[in-house]
Protein chains: 2
Amino acid sequence: MDTRTNILRTALELYNSQGVNTITSRHIAAKMGISPGNLHYHFRQTDEIIKTLYEQLAAGFDDLVSELELINPVTLDTLQDFSVRSLELAYKYRFIFLHFVEISLRVPAIRKDYYALTQRREKEFFIIFGQLKAAGIFRTDFPESIWESLVTQIFIMGDFWLSNNELTGKLRGSQAIKHYSKIFSAMFYPYLTPSAQARMAE
Amino acid sequence: MDTRTNILRTALELYNSQGVNTITSRHIAAKMGISPGNLHYHFRQTDEIIKTLYEQLAAGFDDLVSELELINPVTLDTLQDFSVRSLELAYKYRFIFLHFVEISLRVPAIRKDYYALTQRREKEFFIIFGQLKAAGIFRTDFPESIWESLVTQIFIMGDFWLSNNELTGKLRGSQAIKHYSKIFSAMFYPYLTPSAQARMAE
DNA sequence: CTATTTTTAGATCAATTGTTCTAAATTTGA
DNA sequence: TCAAATTTAGAACAATTGATCTAAAAATAG
């Protein structure tokens with residue numbers, strides 16, 4: 001009965017299935033069976049809907065990272081689990097990733113927020129890399145620059161696996177998550193020590 | 001003096017700098033100082049402009065790949081060279097990559113064409129991987145599934161490094177190409193044999 | 001030179017957009 | 001209960017869009 005929540009739910013559904021540029025506030029209102037005037041009573045500007053959905057996504061990620069930071073020591077299994085949860089969350093809000101550049105142009109607040117977030121995440125990744133090296137899971141014989149590049153790779157892969165899926169396979173739901181979580185695992189494989197590689201092959 | 005060519009040139013410039021959704025046929029005509037009617041005489045539908053620019057990009061890539069296939073044997077240097085040329089070409093037509101999902105929704109012909117292209121490229125990559133393994137440059141002790149995942153990684157990185165740059169660094173021109181070609185090199189580093197790694201470190 | 005074709009400018013059209021406005025309906029709270 | 005606040009519907013507005021149409025101008029060809 002909460003109209004505001006309903007607007008967000010319906011908008012998410014429509015944006016995910018039809019894209020952020022083809023869906024207007026009138027479409028959302030029509031799908032809900034409410035008037036455009038009513039929708040704009042709750043969200044003066046349509047972009048506020050997008051911004052709110054982005055904030056939900058960002059909050060979800062923060063929760064995942066907080067959880068991860070509580071676990072000590074980090075193992076390959078916890079990393080794998082974190083990976084799958086991240087993919088699931090991203091899939092739920094997939095329209096944001098499918099139209100990331102568009103949205104960041106349209107809602108500058110999102111661009112700013114995302115930039116700050118990547119800065120934070122970068123540091124967190126290096127801490128985790130350090131833990132995994134100390135645990136004998138990650139190799140210690142690669143130059144530092146290789147690990148720096150890996151962080152960028154992780155960001156690009158994390159932000160755009162959904163776009164790749166949209167352009168090629170178009171796998172849905174759990175199928176997509178399964179497929180791309182394998183690719184994420186494979187991505188780390190060459191960085192593992194031989195013993196960790198052997199354990200992963202089981 | 002060739003109006004058609006001029007439209008394509010101006011459209012590319014505007015799409016690259018302002019995005020594909022904010023620029024309309026009227027903007028392009030205004031920037032050129034011609035009438036909207038004239039523009040639509042040359043391109044009945046605005047999407048034909050986008051499609052033509054995509055075809056120019058695809059043709060450019062085909063040329064690069066053809067060149068690469070003539071070189072035998074493939075070394076790390078030729079691969080590095082191919083990588084830089086690919087990045088340069090992508091940068092020239094960057095609006096396509098920055099709005100890839102949008103465009104593929106808007107111009108279905110592009111989606112189809114891209115899908116066929118990835119299928120072809122996938123095979124070509126496996127051939128090159130084989131050559132590099134035979135030459136003692138790539139490792140031969142990784143499971144086959146790791147190489148399959150690497151191909152997907154290459155596609156995602158190749159298609160979306162520009163989006164990552166847009167969202168974070170916003171490096172321009174040769175600076176962006178330099179930065180991301182390093183990341184591409186680093187991406188292959190863990191897949192190299194120790195001797196190839198040593199040679200690369202120089 | 002002149003007739004024909006190509007190119008161009010500019011008006012125009014119908015559709016859609018985000019947003020605002022007004023007034024009615026509904027809910028809330030004392 | 002009943003006044004005030006909240007929520008809603010639906011009309012309305014100005015701006016913009018892709019595309020079409022008409023007629024003039026320019027280029028081309030015989």
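Which helices of chain A and chain B each supply at least two residues of the surface near DNA strand C? Let's start there, and please keep in mind that this is a predicted model. Chain A brings helix H2 (25-32) and helix H3 (36-42), and chain B brings helix H3 (36-42). Of these, H3(B) gives the most to the surface near DNA strand C, with 4 residues.

If you'd like to zoom in, there are 16 residues around DNA strand C, and the nearest are A:Thr24, B:Ile34, B:Gly37, B:Asn38 and B:Tyr41. Sorted by class, that surface holds 10 polar residues, 4 nonpolar and 2 charged.

Now over to the two chains and how they meet. Here 36 residues of chain A are in contact with 35 residues of chain B. On the chain A side, at least two residues each come from helix H7 (100-106), helix H8 (108-134), helix H9 (144-167) and helix H10 (173-188). H9(A) gives the most to that side, with 15 residues. As for classes, the side of chain A that touches chain B has 20 nonpolar, 12 polar and 4 charged residues.

Last topic, for the symmetry fans among you. A turn of 180° with a shift of 0.0 Å along the axis lays chain A on chain B, with an RMSD of 0.0 Å. The two copies are therefore related as by a two-fold rotation axis. The same surface serves both copies, too: 97% of the contact residues of chain A recur in chain B. And if you want to find the axis on screen, look for A:Pro190, whose C-alpha comes closest to it among the residues of chain A, at 2.8 Å.

Thanks, everyone!

Key
Residues numbered from 1 in each chain as written. Chains lettered and ligands numbered in written order. Predicted model: local features only at pLDDT ≥ 70, side-chain atom pairs only at ≥ 80, totals over all residues. Near = placed C-beta within 6 Å. Nonpolar A, V, L, I, M, F, W, Y, C, P; charged D, E, K, R; others polar. Contact = placed C-beta atoms within 7 Å. Least-squares fit on C-alpha atoms with pLDDT ≥ 70 in both.
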